[in-house]
Structures are given as C-alpha cells and as structure tokens.
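Trainee: I'd like a close look at how one part of this protein is put together. Please start with the strands, then take me to the annotated positions.

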Amino acid sequence: MTRVIHTGDTHMGYTQYHSPVRRQDFLDAFAAVIDDAIEGEVDAVVHAGDLFHDRRPELTDLMGTISILRRLDDAGVPFLAVVGNHESTRGGQWLDLFERLGLATRLGDDPTVVGDTSFYGLDHVPVSRRDDLDYAFDDHDADYAALVAHGLFEPFGYADWDTETVLTESDVDFDAMLLGDNHTPDVAKVDGTWVTYPGSTERASASEREGRGYNLVTFDADAAGGDDRVEIRRRALDTRPFVFVEVDLREGEGAARVREKVRQHDLGDAVVLVDVTGEGDPVTPAAIEEFATDEGALIARVTDRREVETDAEIDVSFADPEDAVRERVEEMGLSEAAFDVEEAVRADTIPDTNVRETVKRRVEERIDDLDDLDAFDRGETVDGDAEAEDNEAELADDEAELADDETDGEPIGGKDDTATASAADIDEQVSMEDYL
Ligand SMILES: [Mn+2]
C-alpha cells in the first residue's frame with residue numbers, strides 16, 4: 001500500500017491584492033498541507049506544479065519554502081514534484097535547486113518508486129510543442145503507477161490536453177493521473193485511469209469560490225471507497241475566508257443598500273468581494289471598500305459593472321457588430337501573439353474571470369517556445385493607416401499591462417478593464433524584456 005498527499009497550485013509568492021498578508025497566506029496554506037503530511041505519516045507528498053506563482057520568486061518565498069520542505073524531509077517524507085507553467089523558467093528550475101539541497105525529487109520519464117507505486121512526471125508543455133511529445137516512460141516493476149502532470153486535461157473545464165492521447169501513447173499503464181493547473185478540484189475516470197485535480201491551496205482568483213483542499217490518494221488492493229487499486233479522498237484546508245456579496249440595486253437604492261448587504265456577512269479578516277448590478281444609483285467603490293475594512297475586512301474590492309454600461313457611447317451601428325470588429329482587427333496588422341490576446345479578450349466562450357489567465361498563458365506559451373518568437377513581430381497592415389498603428393500600440397500596451405499586472409498580482413476585473421486601456425497606461429508601459 002502507498003498513501004500520498006496530492007497537492008499543487010500552491011502559488012507561493014503571490015501578493016494578491018498587493019497584500020503582504022495574502023502573500024503569507026499562500027505560504028501558510030502550503031505549510032498546512034505539509035503539517036498534515038507529517039502528522040498523517042503519509043509515504044510522500046506529490047506536488048503537481050505551480051509551487052510558485054512567479055518564475056522569479058523572492059528570497060522570502062524561497063526561504064519560507066525551504067523551511068517547510070526541510071520540516072518534511074526531517075520527518076522522512078519525500079517530496080515529489082513537476083514544474084508548472086507559472087514557475088517555469090528558460091534555464092534550470094527552482095525545483096532543481098530543492099533537489100540539489102536534498103529536499104525534493106523532480107519527477108520525469110524514469111520511475112521514482114515509493115512503497116509499491118512508481119511515480120512519473122510530465123512538466124507543463126506549451127500547446128505548440130505537444131505534438132513532439134512521445135510520452136515515452138521507462139519501464140517499472142512496482143504494483144502501481146501514477147503520472148504527475150501539469151496542464152489542463154480533459155474531461156475538465158478549459159481543457160486543451162487530450163487525456164486519452166496521453167494514456168494511449170504512454171508505454172506505462174497508469175492507475176492514476178495526479179494533476180495540477182486547473183484550480184477547481186475534481187475527479188473522473190478516463191479509459192480506466194483515475195484523473196484528478198486537488199485544486200489550489202489558497203484562492204488565487206475570485207472565481208475559486210468553493211473550499212480549498214488537497215487529495216489523499218491510496219494505492220491499495222483493499223482501498224475502500226475507490227476501486228480495487230486506487231482511492232482518492234479530499235481533505236479540506238482552513239484558508240483565508242472569502243466573502244462574496246452580490247447586490248442587485250433597485251431604482252432609488254444606492255450605497256446605503258450596498259453597505260447594508262455587506263454588513264450582513266461576517267467580515268472579520270476576510271477578503272470581501274462585492275459585485276453591484278441593477279438599476280439603482282451609482283456607488284463609489286472606494287467608499288464601500290473603506291466601510292468594509294472599517295468593519296473588519298482584510299481587503300475589500302467593489303465592482304460596479306454599471307459604470308461601464310453607462311459610460312459606453314455608441315456612435316456607430318452595424319448590422320453585425322462582430323463582423324465590423326473582425327474586419328477592423330484584420331486591418332490592424334497585429335502580430336500572431338496580439339491576435340491571441342485580442343481573441344481571448346473578445347471571445348464569448350471565455351468567461352471574464354478567466355480572461356487574464358488565458359491571455360497570460362497564451363503569451364507565455366509563445367515566449368517559452370523559442371521557435372515562436374516571430375509571433376511577436378507585427379503582421380501585415382492591410383491599409384497601413386496611422387490609426388491602425390495607434391490601435392496596435394494600444395493593444396500591445398494592454399498586453400504589457402497584463403504582464404505587469406500579473407507580476408504585481410493585481411487582478412484584472414474582466415474584459416471591460418482590458419478593453420479600456422487609456423493613454424495614461426502608456427507611461428507605465430513595461431517592455432516584454434522587463435517582464436522576462
Ligand atoms: Mn496554477
């Protein structure tokens with residue numbers, strides 16, 4: 001029997017909402033998982049990538065991580081991991097440093113055997129390079145086998161990686177795929193193999209509403225609750241409280257009603273996210289946010305979606321606005337990478353809460369793929385007019401702002417924010433080189 005904790009997407013170093021308290025929260029959540037591993041005397045901790053939020057974690061996060069991993073090592077519990085898209089660097093990986101220090105094992109094509117289970121690893125690979133993967137793994141003679149991988153796999157949300165292909169092309173017959181990347185915990189069976197995400201250990205975005213946790217995975221013929229080989233149980237983590245307040249204002253209602261709705265919740269030390277909709281009066285987000293923090297909230301953010309609606313001035317009308325936009329975009333001579341961004345921002349199929357992550361991923365995949373840097377060269381301008389060039393500059397600026405926002409950890413509210421970058425942003429523009 002082999003019993004492991006399966007975690008991932010710990011995103012340490014994320015200074016969410018520019019808050020040092022939130023930064024510590026991400027370290028604390030990882031520490032809590034490791035505490036449970038030591039107390040529960042598991043055989044290993046398996047981390048499926050995105051240990052860090054950023055490819056350049058700061059010294060405090062590195063030192064915090066080393067202390068936590070050292071505690072696990074002192075307890076004699078191995079730490080097995082792969083590299084995620086957030087932390088992936090062009091040169092060596094942070095995980096290699098921890099391996100050099102004797103605190104971690106970087107999983108790969110050859111089996112790492114713990115108890116009677118062989119663990120293999122598959123780091124995050126950009127979509128453009130997946131066709132080259134041969135999924136060749138070395139033989140093993142353990143009773144069970146698990147693949148630890150980072151990516152968005154079928155059959156879960158936002159998937160772009162075909163799980164059946166991985167399983168069919170692999171030389172090893174896996175009992176389970178222990179995954180990271182998708183922050184929503186879930187479990188399914190594909191072609192007889194268990195496929196599961198433990199979810200993130202702290203809410204890395206406002207869309208992560210349900211409670212956070214990790215998986216306890218047992219490989220055993222008598223495993224209860226699963227099948228006769230693998231059992232997957234979910235364990236909850238006690239994380240920073242998030243309070244979601246939705247206020248639909250009726251005509252005549254305003255800030256007083258918003259405050260009343262906010263006050264109905266337990267705000268103590270919570271991240272409070274207020275979403276205002278409806279016909280009522282305009283509200284000043286900053287005033288509501290101050291009210292919530294005065295009432296004990298750690299952080300408050302108010303989104304008044306009506307601002308955008310009332311500000312929008314429609315001075316053109318087309319039979320099909322989408323066609324008109326498409327036509328205009330084609331004239332702009334965007335680079336392939338800029339097209340990626342434009343498409344993500346405007347596509348109906350990508351929810352607002354996911355736009356930021358999608359854009360970041362697409363740009364990073366282009367950057368990571370050294371053969372793909374041409375994608376950042378501007379394309380052909382159809383009519384070459386000056387206005388189109390301005391537009392392109394503005395879009396490139398949006399892209400830089402997104403990259404900048406990501407490193408700053410300030411979330412972007414949604415499509416509207418990205419679509420309304422103003423001249424004021426130009427002063428704060430960062431180049432792609434700064435970002436790298
Ligand atoms: Mn992640």
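**Strands first, then the annotated site**

Mentor: Start with one pair: Val247 has Val276 in β14 as its bridge partner. Before we go on, keep in mind that this is a predicted model, where local features need pLDDT of at least 70, side-chain atom pairs count only at pLDDT 80 or more, and totals for chains, interfaces and linings use all residues. Residue numbers start from 1 along each chain, as its sequence is written.

Back to that pair. Strand β13 (residues 242-249) and strand β14 (residues 271-278) run parallel, joined by eight bridges. Strands count as paired if DSSP finds at least two bridges between them. The names come from DSSP runs numbered from the N terminus: H or I of at least four residues for a helix, E of at least two for a strand. To get from β13 to β14, the chain goes through helix α5 (residues 255-263), and this β-α-β crossover is right-handed. Right-handed means that, with the strands pointing away from you, the path from the first strand over the helix to the second runs clockwise.

Now take the next step. β14 also pairs with strand β15 (residues 299-304), in the parallel sense and over six bridges. Here Leu273 has Arg301 in β15 as its bridge partner. The chain gets from β14 to β15 through helix α6 (residues 285-294), again in a right-handed β-α-β crossover.

Let's move to the annotated positions. An unreviewed UniProt entry marks His86 as "active site", and UniProt's "binding site" feature (unreviewed entry) sits at Asp50, Asn85 and His150. Those three are spread over 101 residues of sequence but cluster in space, with a largest C-alpha distance of 8.2 Å. UniProt positions follow the numbering used here, feature names are shortened, and annotations may be inferred rather than shown by experiment.

Where do these residues sit? His86 is in the loop between β3 (79-81) and α3 (94-100), Asp50 is in the loop between β2 (44-47) and α2, and His150 is in strand β7 (residues 144-151).

Are they buried or exposed? His86 counts as buried because it has 26 C-beta neighbours inside 10 Å. Asp50 is buried too, with 27 such neighbours, and so is His150, with 29. The cut-offs: 20 or more other C-beta atoms within 10 Å is buried, 12 or fewer is exposed, and in between is partly exposed, with C-beta atoms placed from the backbone.

Next, who touches whom? Leaving aside neighbours within four places in sequence, His86 is in contact with His11, Asp50, Phe52, His53 and Asp54. A contact means that C-beta atoms, placed from the backbone, lie within 7 Å. With that same exclusion, the contacts of Asp50 include His86, His150, Gly180 and Asp181. His150, in turn, has Asp50, Asn85, Gly180 and Asp181 among its contacts.

Finally, zoom out. The protein has 13 helices and 15 strands, and buried residues make up 39% of its 436 residues. Of the contacts between residues at least 6 apart in sequence, 72% join residues at least 24 apart.

Definitions and conventions:
Contact = placed C-beta atoms within 7 Å.
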